[in-house]
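Biologist: Before I use this model at the bench, I would like to see how its labels are earned. Please take me through them one at a time.

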Amino acid sequence: MADMNGTSLLRAIQMYDFYLTELNLYLDTHPKCTAALKKFNEINSKRKEAYETYVKKYGPLKAADNVNEVYFTWVNDPWPWEGEMN
């Protein structure tokens, strides 16, 4: 994931979020399905990696991602949805 650009990382995060939502809905009705739970954990791990890579390379995706103790980086331009992170 480290070699992906900002747009690709955002798309990957969106894809993983969608996949996790669908798996979550399935697991709500099939909580003992070990294959679905294994896939959920796998995708959740990939999503976490993509998210952390994005934040490290391009800045916070949400205000809670601010890691700077001196400056609130959330207000830096451009914002992720403005499409100028590359």
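**Labels and their reasons**

Modeller: Leaving aside neighbours within four places in sequence, T53 is in contact with M1, A2 and L9. T53 lies in helix 2. Keep in mind that this is a predicted model.

Biologist: Why does T53 count as buried?

Modeller: Its relative accessibility is 15%. Buried means under 20%, so T53 meets the rule.

Biologist: What does the side chain of T53 reach with a polar atom?

Modeller: A polar atom of that side chain lies 2.8 Å from the backbone oxygen of E49. The cut-off for a polar contact is 3.5 Å.

Biologist: How much of the protein is buried?

Modeller: Buried residues make up 29% of the 86 residues. The secondary structure comes to two helices and zero strands.

Biologist: How many salt bridges are there by the rule?

Modeller: The count is three. One of them pairs D17 with R47.

Biologist: What makes D17 and R47 a salt bridge?

Modeller: The closest N and O atoms of D17 and R47 are 2.6 Å apart. The limit is 4 Å, so the pair qualifies. D17 lies in helix 1 (residues 6–29) and R47 in helix 2, so the salt bridge ties together parts that are 30 residues apart in sequence.

Biologist: Why is D17 called partly exposed?

Modeller: D17 has a relative accessible area of 30%. Partly exposed is the range between under 20% and over 50%, and D17 therefore falls in it.

Biologist: Which residues are joined into one network by salt bridges that share partners?

Modeller: Start with the pairs. K39 forms a salt bridge with E42 at 3.5 Å, taken between the closest N and O atoms. The side chains of E42 and K46 also meet in a salt bridge, again at 3.5 Å from N to O. The shared partners join K39, E42 and K46 into one network.

Biologist: Where do K39 and E42 lie, and how many residues apart are they?

Modeller: Both are in helix 2, three residues apart, about one turn of the helix. E42 and K46 also both lie in helix 2, with a spacing of four residues, about one turn.

Biologist: Why does E42 count as partly exposed?

Modeller: E42 has 32% relative accessibility. That value is neither under 20% nor over 50%, so the middle label applies. K39, at 29%, is partly exposed as well, and K46, at 33%, is also partly exposed.

Biologist: What does D65 have in place of a salt bridge?

Modeller: D65 is buried, and the nearest side chain of opposite charge, K62, is 4.9 Å away. A salt bridge needs 4 Å or less, so D65 and K62 do not make one. The side chain of D65 has a polar contact of 2.4 Å with that of Y51, and it reaches the backbone nitrogen of L61 at 3.1 Å. Not counting residues up to four places away in sequence, D65 touches Y51, V55 and P60. D65 is placed in the segment after helix 2.

Biologist: Why is V70 called exposed?

Modeller: V70 has a relative accessible area of 81%. Exposed means over 50%, so V70 passes. V70 is in the segment after helix 2 (34–58).

Biologist: Which residues make the nonpolar surface patch?

Modeller: V70, Y71, F72 and V75 make it, and its area is about 430 Å². The protein exposes about 6200 Å², with carbon and sulfur atoms supplying 55% of it.

Key:
Residues are numbered from 1 along each chain as its sequence is written. This is a predicted model: local features need pLDDT of at least 70, side-chain atom pairs count only at pLDDT 80 or more; totals for chains, interfaces and linings use all residues. Side-chain values use heavy atoms; hydrogens and water are left out. Patches are made of residues with over 30% relative accessible area and no salt bridge: like charges are joined within 9 Å, nonpolar side chains (Val, Leu, Ile, Met, Phe, Trp, Tyr) within 5 Å. Accessible areas come from the Shrake-Rupley method with a 1.4 Å probe; for residues, only the protein chains shown count as cover. Buried means under 20% relative accessible area, exposed over 50%, partly exposed in between (1.4 Å probe, protein chains only). Lys and Arg count as positive and Asp and Glu as negative; His and the chain ends are not counted. A polar contact is a pair of N or O atoms within 3.5 Å; within protein, one must be able to donate a hydrogen and the other to accept it, and residues adjacent in sequence count only if both atoms are side-chain atoms. Contact means heavy atoms within 4.5 Å.
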